[in-house]
Amino acid sequence: MIEVFLEGHDYSYEVLDILSSYFDRETIQFVHEKDPADSRSLFIHSSMAFDAGDVVFKCVVRHGDANVTEEKRFSRAGGGEQEMRKQYKRMLKNNLLTALEAFTGKKMPWGILTGIRPVKVVHKLLDQGFSEEDIQDRLTGFYRLSVDKAKLCLEIAAVERKYILPYDDRKVSVYISIPFCPTRCSYCSFPSHEVGKWGHLADEYLNCLYEEMDSVYNKLAGAGYSIQTVYIGGGTPTVLNHAQLKDLLEQVNRCFVSGETKEFTVEAGRPDTLDREKLSMLKAAGVTRISINPQSMNSATLERIGRRHTPEEVVRAYDLARSTGHSNINMDIIIGLPGEDIDMVVKTLDAALALKPEGLTVHTLAIKRASRLNEQGGDMGWVEEDEISGMVEAAAYYAGKMGMKPYYLYKQRYMVGNHENIGYSIPGYECLYNMQIMEEKQSIIGLGAGAVSKLVFLKEDRLERLENIKNVEYYISRFGHVMEKKLLGLAALIDG
Ligand code: SF4
């Protein structure tokens, strides 16, 4: 148990953020007394006070006789109320992290960048004219990143800037959700519906989706927007039958693909949904990038996580994809799957090496609240943090061996071992959509059940999220409401 007393501020969310990166399975309780009721608990006292032109953050960490006090003085923050709070929150995190580093002797590689998109900070500083050297100093100093992570962020930002600059608020990307899968993976937190149980709704769902696509197209085209990238995800879009998939691709081409469109990706994630006809259909429809995702090439793991396909089916799917002309294939793998050791991860990486994908996305298992793995709890054969680091390093080594470089990254809450997800690719095969969604300088219009639109107001440096209903049944039955909300959101974007 960890008890926390806050004084002079109410930044409990930020305190939890930092604490959970150190103590991911401990109960954390905010208390109203300055002194711990129970000396067996770890006690943290975090305070903030103003002193002339400065603001002083102080953090005391105490457990039994062990005691650490860290005090830090910063200049008062400037800007509006919201901006000031943002800056104070960062200062608080810096102070708390410094105290915890001293108390535990352990450094967190990502420092106070506990959010999902650490590279965004780098883009912001580059946009403000800071040099790479200055940024690295800031990242390792105030943000307290390790030198390796700071360099990684800078490397990725440099690749991304070749693609995402100049920012242009008349260009958007489109995400289309097909929220059906053959089975539900145990770690899944996406709005996915098992096709055996929900597939009878697919036609009705697609009709609503086409209506949504038409309305969005009319609105955007009427206001002079062009579509830079299209991404069909889910779910597993290729679980649709041949006629449904053909129709979907035609509708997408009609509404969103033009000479301005630089990329058209389809998640062909589960190899058990693929055959020659579907893969040929994707190619003929102008799809430029697909993803075929084994996650692991160990059959026992695949069975354990509910994938219900074999490593051999993955190999067959890659062969079929190549023979139908696909030349940009991404592969997703997951590090930290329960029951896997380093040898099993290396087996997956060896298989990846042999299949020669153009992209490799390395996820570190995050136990999301919505996933079955989280509900199951108990002893699932969780991989220890130290082992995860070795696996992540092995993946980076193999990506290098495949001639790939990292080009985007994101973190997730509840990630095992406080690691990150990294997208690698052979230079020239980067996924523009992935970079745009990560760096949030372009609006993404999400269509279909569970799709999230991100409306970017560049001039105001502001972002609005617009979520579609997740459940397929409700998406259909409340479609009028879905459309009303979507058109209002788009009108705000266009007027902004
Ligand atoms: S394939 Fe992806 S979307 Fe489908 S159940 Fe598995 S994790 Fe979820």
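**Exposure, backbone geometry and strand pairing in a predicted model**

Me: Does K356 count as buried or exposed?
Reply: In this predicted model, the relative accessibility of K356 is 57%. The cut-off for the upper class is over 50%. Because 57% lies over that cut-off, K356 counts as exposed.

Me: Where is the place of K356?
Reply: K356 has a phi near 50 degrees, a positive value in a residue other than glycine. Most residues other than glycine have a negative phi. As for its place, K356 lies in the loop between α12 and β13.

Me: Which residue has a positive phi of about 50 degrees although it is not a glycine, and is found in the loop between β3 and β4?
Reply: The loop in question joins β3 (42-51) and β4 (54-63). The residue found there is exposed, with a relative accessible area of 65%. Its phi is about 50 degrees, and its name is A52.

Me: What is omega for the peptide bond that joins L165 and P166?
Reply: P166 lies in the loop between α5 (147-164) and β6 (171-178). Most peptide bonds are trans. The bond joining L165 and P166 is cis, with an omega of about -5 degrees.

Me: What is omega for the peptide bond from G234 to G235?
Reply: G235 is placed in the loop between β9 (226-234) and α8 (242-256). The bond that leads from G234 to G235 is cis, and omega is near 10 degrees.

Me: How many residues of strand β13 are buried?
Reply: Strand β13 spans residues 359-364. G359, T361 and H363 point one way from β13, and these are buried. L360, V362 and T364 point the other way and are buried as well. The strand is mostly covered, and the number of its six residues that are buried is six.

Me: Which residue of β13 is the bridge partner of N330?
Reply: Strand β12 (residues 329-335) pairs with β13 in the parallel sense, over six bridges. Within β13, the bridge partner of N330 is G359.

Me: Which helix gives the largest share of the negative patch?
Reply: The surface patch of negative charge gathers D341, D343, E384, E385, D386 and E387. One of these, D343, is found in helix α12 (residues 342-355), and D343 counts as exposed at 58% relative accessibility. The largest share, three residues, comes from the helix spanning residues 385-401, namely α14.

How values were computed:
Residues are numbered from 1 along each chain as its sequence is written. This is a predicted model: local features need pLDDT of at least 70, side-chain atom pairs count only at pLDDT 80 or more; totals for chains, interfaces and linings use all residues. Side-chain values use heavy atoms; hydrogens and water are left out. Patches are made of residues with over 30% relative accessible area and no salt bridge: like charges are joined within 9 Å, nonpolar side chains (Val, Leu, Ile, Met, Phe, Trp, Tyr) within 5 Å. Accessible areas come from the Shrake-Rupley method with a 1.4 Å probe; for residues, only the protein chains shown count as cover. A salt bridge is a side-chain nitrogen of Lys or Arg within 4 Å of a carboxyl oxygen of Asp or Glu. Lys and Arg count as positive and Asp and Glu as negative; His and the chain ends are not counted. The place of a charge is taken as NZ of Lys, CZ of Arg, CG of Asp or CD of Glu. Helices (H or I, at least four residues) and strands (E, at least two) are DSSP runs, numbered from the N terminus. Buried means under 20% relative accessible area, exposed over 50%, partly exposed in between (1.4 Å probe, protein chains only). Two strands pair if DSSP finds at least two bridges between them.
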